[in-house]
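Colleague: Please take a close look at the largest cavity in this model. What lines it, and what is its volume?

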Amino acid sequence: METPYSTPQTYIDDFNPMDYLQTYFSPGQGVAVGEWTDFVLQNLHEIFTSGRVKGDTLIDFGAGPTIYHLLSACEVFNNIITSDFLEQNRREVQKWLRKDLDAFDWTPIVKYVCELENNSDNWQEKEAKLRRKVTKVLQCDALKKNPYDPEVMPEADCLLSCLCLEGPCKDPEAFCNTLKSFYDLLKPGGHLIILSVLNGTFYFVGQKKFSCLSLTREDLERAFKKAGFEIEELKVVPRNDKSRMDITDYDSLYCVHARKPLNL
């Protein structure tokens, strides 16, 4: 049976960030720990150590209550603006930034990224660097033409979004419209990096079921091109771990690295 579309109000009322973190990122048992986190962290490590993607400002769109996807970015950007639609998610991010005692512990993932960087002894310095580089935690809305209205945003060198747009976007047209709003947030030549899943229809957060926009690789390619981006690289890999299909039913993982054309 098709999962009904989860409205923004459904998220405001029912999305519990600690349930999300426990369901997907708790060490040893989270659904996302392993296949998903390895895919994301390795791809972002490769992108941000390549020397091709760097600059002053990175916008992180739809972070949820998480920071793991920013651990490589903090090495090449001075100003990281993270954001999410939900106040409860932004509170969780702020807890980690302040080092609150009840903040979620990202230490195992921080150590993993440091190992990728051959810097495994300095994981605490990595955490301190990311805390310094995150300068704002803003509200964003993927369904608005200006997702940060009324905030005046700097033109970014890079926009990163991880496991976000399949939630708020009801159909491929809404997905494309959000990409068009990202286009306006980037400098000419700026980079857009999106990592998420394909062909999923739902995901659970604790006992709450949320809808997921089911996209194919062809949908992605059409949407990015229609929004005006040039795709630098599109990676799609099948989901190998099918043990938790009752929690979320996507069948593939993807990473898109695209650019806003330099000569406009």
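Modeller: The cavity comes first, then the second one beside which it can be read.

This is a predicted model, in which local features need pLDDT of at least 70 and side-chain atom pairs count only at pLDDT 80 or more, while totals for chains, interfaces and linings use all residues. Residues are numbered from 1 along each chain as its sequence is written, and side-chain values use heavy atoms, with hydrogens and water left out.

The whole structure holds two cavities of 30 Å³ or more. A cavity here is a set of points on a 1 Å grid over the protein atoms alone where a 1.4 Å probe fits but cannot get out, and lining residues have an atom within 4 Å of a point. Points are joined across faces, edges and corners, and a volume is the space filled by probe spheres set on them.

The largest cavity has a volume of about 640 Å³. It is lined by 38 residues, of which Y11, L163, C164, G167 and Y203 are the closest to its centre. At least two lining residues come from each of α1 (8-14), α2 (17-25), β5 (186-198) and β6 (202-205); these are DSSP runs, helices being H or I of at least four residues and strands E of at least two, numbered from the N terminus. By class, the lining has 26 nonpolar, nine polar and three charged residues, where Ala, Val, Leu, Ile, Met, Phe, Trp, Tyr, Cys and Pro count as nonpolar, Asp, Glu, Lys and Arg as charged, and the others, Gly among them, as polar.

The second largest cavity has a volume of about 30 Å³. Helix α4 (residues 87-98) gives the most to its lining, three residues.

Terms used. 1 Å grid on protein atoms, 1.4 Å probe; cavity = no way out; pocket = protein on both sides within 12 Å on 5 of 7 lines; lining within 4 Å.
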